[in-house]
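Grab the model below and work through a few exercises with it. Each one sets a task and then walks through a solution, so try it yourself before reading on.

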Amino acid sequence: MGTPLEPREAQVEEVTDRLRETYPDSTISLRYSNRLELLIAVVLSAQCTDERVNEVTEELFETYSTPAEYANATEEELADAIYGITFHNNKGGYLQGIGERLVADHDGEVPDTMAELTDLPGVGRKTANVVLQHGHDIVEGIVVDTHVQRLSRRLGLTEEPTPERIEEDLVGIVPREDWQEFTHLCIDHGRATCTARNPDCGDCVLAAICPSQKGDSPVDLASGEPW
Ligand code: SF4
């Protein structure tokens, strides 16, 4: 079993250093060219892969390029345009609602506060954090997606069970200037090595400091269950 550094701030620093060396170009993998496209892509990416979202948005963004165009489309038209995306029917409704709200309440612009963003249909704190960070250069928190949740628990950075509480825990130990990068490093490592079902602990740059290391540790700290 790997030995995590104490205190947790030291563990965070070592994890970040090692992952930064492994993934020097770590950043968002959704494709977009303006704030509206970013917002739409992030909403579509909930419980869907970025790869699939990028495939679908290539054509979507050619057809719909303004909030008014989303507002004036029907939910069914939008659901058809994003067919192949998880929960495309619900998300078609979100896109139409977002278009309406941007036109009615925000002069057709994507707002730049957490409160205004989370007021939009289909936009939770995670989505809003991504839009603030990559659309407005405002880093208000740490985006905790499924990879960040799994890795931060496996690595002994938190024992909290929900994304909201994990974020509260992480903002206290990850240096503010690393908040954005920390998410992307966890996502890259979660995809490449520390996968949900079958992490490749034998070929992991974090194994020596990971208390969940498979084979040595009997327990996956992400779930608290035996491997
Ligand atoms: S792959 Fe294994 S050793 Fe590496 S971080 Fe994940 S659980 Fe720990």
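## Exercise 1: Helix 8 from the inside

Helix 8 has these buried residues: Thr127, Ala128, Asn129, Val130, Val131, Leu132, Gln133, His134, Gly135 and His136. Keep in mind that this is a predicted model.

**Task.** Work out how enclosed helix 8 is, and find which helices its buried residues pack against.

**Solution.**

Step 1. Start with the count: ten of the twelve residues of helix 8 are buried, so the helix is largely enclosed by the rest of the structure.

Step 2. Now look for the packing partners. The buried residues of helix 8 pack against helix 2, helix 7, helix 10 and helix 11.

Step 3. Zoom in on one residue. Thr127 sits in helix 8 and has a relative accessible area of 8%. The cut-off for buried is under 20%, so Thr127 counts as buried. Setting aside neighbours within four places in sequence, Thr127 touches Val42, Val43 and Gly122.

Step 4. Step off the end of the helix. Asp137, just after helix 8, takes a positive phi of about 55 degrees.

## Exercise 2: Two cores

**Task.** Find the largest nonpolar core and say which residues have the most contacts inside it. Which helix gives the most to this core?

**Solution.**

Step 1. The largest nonpolar core has 34 residues, and Leu39, Leu60, Tyr70 and Leu95 have the most contacts inside it.

Step 2. Next, trace the suppliers. At least two residues of this core come from each of helix 2 (35–44), helix 3 (50–63), helix 6 (88–105), helix 7 (114–118) and helix 8 (125–136). Helix 2 gives the most, with eight residues.

Step 3. Pick Leu60 and list its contacts, skipping neighbours within four places in sequence: you get Ile40, Leu44, Tyr70, Ala81, Ile82 and Leu95.

Step 4. Apart from this core lies another, of 24 residues, including Leu19, Val144, Leu170 and Phe182.

Step 5. For background, nonpolar side chains tend to be buried together in soluble globular proteins.

## Exercise 3: Salt bridges, far and local

**Task.** How many salt bridges does the structure hold? Take the pairs Arg8 with Asp169, Asp178 with Arg20, and Arg101 with Asp105, and place each along the chain.

**Solution.**

Step 1. The total is twelve salt bridges. As a reminder, side chains of opposite charge can pair when their charged atoms come close.

Step 2. Take Arg8 and Asp169, whose side chains meet at 3.2 Å, N to O. This pair links distant parts of the chain: Arg8 is in helix 1 (residues 8–22) and Asp169 in helix 10 (residues 163–171), 161 residues apart. Arg8 is partly exposed at 30% relative accessibility, whereas Asp169 is buried at 19%.

Step 3. Now Asp178 and Arg20, also a salt bridge, with an N to O distance of 3.2 Å. Asp178 lies in the loop between helix 10 and helix 11 (179–192) and Arg20 in helix 1, so the pair ties together parts that are 158 residues apart in sequence. Asp178 is buried, with 13% relative accessibility, while Arg20 is partly exposed at 30%.

Step 4. Arg101 and Asp105 form a salt bridge at 3.0 Å, N to O. Both lie in helix 6, four residues apart, or about one turn of the helix. Arg101 is partly exposed at 26%, and Asp105 is partly exposed too, at 46%.

Step 5. Finally, look for shared partners. Asp17, Arg20, Asp178 and Glu181 are joined into one network by salt bridges that share partners.

## Exercise 4: Around Trp227

**Task.** Is Trp227 buried or partly exposed, and which backbone oxygens does its side chain approach?

**Solution.**

Step 1. Place the residue: Trp227 is in the segment after strand 2 (225–226). With a relative accessible area of 33%, Trp227 is partly exposed.

Step 2. List its contacts beyond four places in sequence: Arg154, Pro199, Ser212, Gln213, Lys214, Ser217, Pro218, Val219 and Asp220.

Step 3. Check the polar atoms. The Trp227 side chain reaches the backbone oxygen of Ser212 at 2.9 Å, and a polar atom of that side chain lies 3.5 Å from the backbone oxygen of Ser217.

Step 4. Go back to Asp105 from the previous exercise. The C-alpha atoms of Trp227 and Asp105 are 50 Å apart, with their positions 122 residues apart along the chain.

Key. Residues numbered from 1 in each chain as written. Predicted model: local features only at pLDDT ≥ 70, side-chain atom pairs only at ≥ 80, totals over all residues. Heavy atoms only, no water. Core = buried A, V, L, I, M, F, W, Y, C linked by side-chain atoms within 4.5 Å. Buried < 20%, exposed > 50% of the residue type's maximum accessible area, 1.4 Å probe, protein only. Contact = heavy atoms within 4.5 Å. Polar contact = N/O pair within 3.5 Å; in protein donor to acceptor, adjacent residues only side chain to side chain. Salt bridge = Lys/Arg side-chain N within 4 Å of Asp/Glu carboxyl O.
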